[in-house]
Amino acid sequence: MKELNMKWMITMAAAFMLAACDTDVNHNIPAVDAPVLVSTTPASDGTVKVGMNTIEITYDKNVFFAAEDLSKITLTGGTLISADVYGSSKVLVIKANLPERGTTYTLSIPAGVVLGPNQMPAPAVTISFSTVALNKSLVNTSATSQAQKVYAYLLENFEKKSISAMMANVAWNTEEAEKVFKATGKYPAINCFDYVHLPYSGENWIDYGDISPVKNWWEAGGLVAAMWHWNVPVKEVKSYSTEVWKGDQIMPADWSGYVQMTDDAAKAIFAEAQVGDKIKVTVKDVASGAQGSFKNGGWTEIASGTDYFDISGDYELTITEDILASLKSGGLIISGHDYTATGVYLTGGSAASAYAFYKDDTDFDATNALTEGTWENAVFTADLAKVAGYLKLLQNANIPVLWRPFHEAAGGWFWWGKDAASFKQLWVAMFNYFKSQGLNNLIWVWTSQTNDDDWYPGDAYVDIVSCDIYEKGTTDCVAEYTKLTQAYPDKIIALSECGSVSNMSEQWSAGAYWSWFMPWYGNTGTGQPHADELWWKNAMGQSSVITRDQLPSMK
């Protein structure tokens, strides 16, 4: 029995060894289906931003891709940078550069380039998508023909050429542009003006009602830009309006109508007046040739020139020392002909002693600017009306304006930069007010501080996005440009202010294709010009830079 068992063991061992050495044994490996495409980002026929993009191809199971197979993938019109599957993943991630706006690109991955488990080949994938095109229309659908021509020119040249510009020295001239011409023999194409001195306009040293500096520039073939360092009172401005009389007094053509305010009640009101206050007469039904009249209690003119004067609506009398004495002693009589008087009011208050636009230099609160009854709202509405009147003078002269209000808001140093919510309300309020006033010659330019999307007023209120850059080299300038083009892919991007930046030739070569660039006037804190003669000679000598003489007529 023992011998039999030994033989059995030897036989079984030999059989095991033969089986182990048999190379013809079939291994049962489970079959796996090929990867199936689930989705793509972007979807086929989708829209993406211009420039660097990430494209994701997602399958129903983990996939594999060999880096050396990148050349087998094609991208018509664009440049493939890389393709990879990161770790165990169902997603093939492709990096690509899509350089042209409003262009359709087609990505093709042949069958078998992507593999699934057990090296099962994935089927071919082809998707087409387009980059975002520039917005071709101005946000103001009633824009003047001149404004539309300027915007069309900017669209035509964006990312092909850059337009030269210069900031006016202080406010209302072209002195700096003349300096550029003297240094280079060419004028910048754009001159930017500033309504910074609005509180003083009409005085002997500044008058925005005289549009000759702007008109002369436009007539010489240049483009016009304007901004507004909005000066507001540093302290609260208190005002009042006291009703002296209210009614419905017809002033017929024969001068027989009048309003007599010579009783004690009227004299008591006038006793509270101060020099500089005003007597305001509200009227209606004003006929052609109508005249008004201010008389004292003795029925003679209360001051020289106040007996007969033409009117077309409400009219006023500014109180002098002599007029104040007359009002206190004898009261006031108004008369005239061919209109109806509806009210007489004493208006006045404390005047602003100083103005500022930096937030830390004024008590003006941006959140109150749109709240009726606040002194800030009174200033805001009055200033808007005043600047709108000046801008209408430009519109009447058929001059379009690259309008850049509330600049650098997110920086927080100007009063309009208190917070994003109030800023956007201010912007929209200005836009709507100007539109209601029939101001249609403006192209609206918003100034970003970069990474401040919360401050963006919205596509319905902005035509062009810009930024201001100081003391930066080419790398930083290109980075700012790239951020803005990616954040606002359908908007023209401009360098609305600059100083001590790298040469425009270097920026352009590195990919900063600003619609226009505008150095600030004057010197830096070190006493050096923001843009010296060498900088300007470099800029104006580039074939990619447009000077004033190269502009077509947009009249």
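**View 1. The largest pocket and its lining.** The largest pocket is lined by 23 residues, and V50, P99, E159, Y481 and Y513 lie nearest its centre. The model is predicted: local features need pLDDT of at least 70, side-chain atom pairs count only at pLDDT 80 or more, and totals for chains, interfaces and linings use all residues. Residues are numbered from 1 along each chain as its sequence is written, and side-chain values use heavy atoms, with hydrogens and water left out. The space in this pocket is about 520 Å³. Helix 9 (474-487) and strand 3 (51-59) each give at least two lining residues. Helix 9 has the largest share, with five. By class, the lining holds eleven nonpolar, seven polar and five charged residues. Pockets and cavities are found on a 1 Å grid over the protein atoms alone: a pocket is an open set of points with protein on both sides within 12 Å along at least five of seven lines, a cavity is a set of points where a 1.4 Å probe fits but cannot get out, and lining residues have an atom within 4 Å of a point. Grid points are joined across faces, edges and corners, and a volume is the space filled by probe spheres set on the points. Nonpolar covers Ala, Val, Leu, Ile, Met, Phe, Trp, Tyr, Cys and Pro; charged covers Asp, Glu, Lys and Arg; the others, Gly among them, are polar. Helices (H or I, at least four residues) and strands (E, at least two) are DSSP runs numbered from the N terminus.

**View 2. The second largest pocket.** Its volume is about 440 Å³. The second largest pocket has 17 lining residues, with V237, Y355, V379, A382 and D383 nearest its centre. Strand 12 (232-233) and helix 7 are the elements that give two or more residues to this lining. Helix 7 supplies seven, the largest share. Twelve lining residues are nonpolar, three polar and two charged.

**View 3. The largest cavity.** The structure holds three cavities of 30 Å³ or more. The largest cavity has a volume of about 60 Å³. Its lining consists of C192, A225, A226, L402, R404, V445, S496, W516 and M518. Strand 11 (223-227), strand 22 (401-404) and strand 26 each supply at least two of these residues. Seven lining residues are nonpolar, one is polar and one is charged.

**View 4. The largest nonpolar core, around F434.** This core has 111 residues; Y195, W403, W415, F434 and W516 have the most contacts inside it. Helix 7 (residues 375-396) gives the most to this core, nine residues. A nonpolar core is a set of buried Ala, Val, Leu, Ile, Met, Phe, Trp, Tyr and Cys residues joined through side-chain atoms within 4.5 Å. Buried means under 20% relative accessible area, exposed over 50%, and partly exposed in between (1.4 Å probe, protein chains only). Residues up to four places away in sequence aside, F434 touches L384, V387, A388, L391, W403, L439, L442 and W444. Contact means heavy atoms within 4.5 Å. Another core lies apart, with 27 residues, among them M251, A290, F309 and V344.

**View 5. A four-stranded open sheet.** The strand order is 14-19-16-17, with antiparallel pairing. Strand 14 (259-261) and strand 17 (309-310) are the edges, each pairing on one side only. Two strands pair if DSSP finds at least two bridges between them. Strand 14 and strand 19 (residues 332-337) are joined by three bridges. One bridge partner in strand 19 is I334, which faces V259 in the pairing.

**View 6. Alternating side chains along strand 18.** In a regular strand the side chains alternate between the two faces of the sheet. In strand 18 (residues 315-318), Y315 and L317 point to one face and are buried, while E316 and T318 point to the other and are not. Strand 18 pairs with strand 15 (residues 278-284) in the antiparallel sense over four bridges. L317 is the bridge partner of I279.

**View 7. Backbone exceptions in three loops.** Most residues other than glycine have a negative phi, and most peptide bonds are trans. The bond from T41 to P42 is cis, with omega near 5 degrees. P42 sits in the loop between strand 1 (37-41) and strand 2 (46-48). D285 has a positive phi, near 50 degrees. Its loop runs between strand 15 and strand 16 (291-295). D285 counts as exposed because its relative accessibility is 59%. T450 also has a positive phi, about 70 degrees. T450 lies in the loop between strand 23 (442-448) and strand 24 (464-470). T450 counts as buried because its relative accessibility is 10%.
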